[in-house]
Amino acid sequence: MQQSKPMKFAIQINTSPYGANAGHTAYQFITAALRQGHEIFRVFFYHEGIYHAFKHATPPDDELQFTAQWSELARGHGIDLVVCISAAQRRGLLCSDEAQRQGKKDQDLAEGFRISGLGQLVEATLEADRFIVFG
Amino acid sequence: MKTYLFVVHKPPYSGARVQEMLDIILTTAAFDQPVSLLLLDDAVFQLKKGQQPTSSGMKDTAAIFKTLEIVEVNDIYIETESLQERGLSPGNLCLPVHELSRKEVARLMKQYDIVFSA
């Protein structure tokens, strides 16, 4: 495959796995970019995009395993998957630290994701050569 | 430093999307980056004067737009055709805006490093 000049990408995903195809398109874009030697600085999950990070999503075996795919991508390539804290809390996705602060017992965050603030999104747009929004 | 344009299409009270985008705007401004806003289509209703959302138990998002001035988001652009098609004029809005025509929108977008849309 022809190699283009390596670039640093920041990605934002705004749609849920089953509400739209944009998250999967983003995944395909990222794997293609990595194959061509580009860097993915960060993937930021916002709006309904946070639903990609739910640990207990259990789709049938013959369907795409969205959340597991992201976890594997983080594991295999060390990609920084960040879920917006305010968007996540609104929709009931809590990591154990946050749940404890709220007096709850959840641990909903899948492996490879971390929860942080919108500053991480703005920082990613500043650091990357290209910023692409899916959904 | 990069320049940011936030393009809004959606009307108020149509879900949390615009409210959550306002949070990105406030965060970007807190990073001292220059931020502009462009309202297209039904988003022109975002700034309509006389909204009373709290009477239906909803959050007053126009009030959040009004706080943008405080964080130095001064350039709010609005498309003239979108206003006219909905029987509105700048006099019906709760904030001062820069009007621009539909054919100028692409040129405006080109001036920015980063474009967000909601």
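Me: How many salt bridges are there between chain B and chain A?
Reply: The count is two. Keep in mind that this is a predicted model.

Me: Which residue forms a salt bridge with B:E20?
Reply: That is A:R90. The closest N and O atoms of the pair are 2.6 Å apart.

Me: And how many residue pairs are in polar contact across the interface?
Reply: Nine pairs, with both residues at pLDDT 80 or more.

Me: Which elements of chain B give two or more residues to the side that touches chain A?
Reply: α1 (17–30) and β5 (114–117) do. The largest share comes from α1(B), with eight residues.

Me: What kinds of residues are on that side of chain B?
Reply: Six are nonpolar, four are polar and four are charged.

Me: How many residues does each chain bring to the contact?
Reply: Chain B brings 14 residues, and chain A brings 17.

Me: How much area do the two chains bury between them?
Reply: About 1,400 Å². Carbon and sulfur atoms account for 59% of it.

Me: New topic. What pattern does chain B follow along the sequence?
Reply: Chain B runs β-α-β-α-β-α-β-α-β. In total, chain B has four helices and five strands.

Me: What radius of gyration does chain B have?
Reply: Chain B has 14 Å. A compact globule of 118 residues would have one near 13 Å, so the value agrees.

Me: What box do the C-alpha atoms fill?
Reply: For chain B, roughly 40 × 30 × 20 Å along the principal axes.

Me: What share of chain B is buried?
Reply: Buried residues make up 47% of the 118.

Note on methods: Residues are numbered from 1 along each chain as its sequence is written. Chains are lettered from A and ligands numbered from 1 in the order in which they are written. This is a predicted model: local features need pLDDT of at least 70, side-chain atom pairs count only at pLDDT 80 or more; totals for chains, interfaces and linings use all residues. Side-chain values use heavy atoms; hydrogens and water are left out. Contact means heavy atoms within 4.5 Å. Buried area is the accessible area (1.4 Å probe) that two parts lose on being put together, summed over both. A salt bridge is a side-chain nitrogen of Lys or Arg within 4 Å of a carboxyl oxygen of Asp or Glu. A polar contact is a pair of N or O atoms within 3.5 Å; within protein, one must be able to donate a hydrogen and the other to accept it, and residues adjacent in sequence count only if both atoms are side-chain atoms. Ala, Val, Leu, Ile, Met, Phe, Trp, Tyr, Cys and Pro count as nonpolar, Asp, Glu, Lys and Arg as charged, and the others, Gly among them, as polar. The radius of gyration is taken over C-alpha atoms; the globule rule is 2.2 Å times the number of residues to the power 0.38. Buried means under 20% relative accessible area, exposed over 50%, partly exposed in between (1.4 Å probe, protein chains only).
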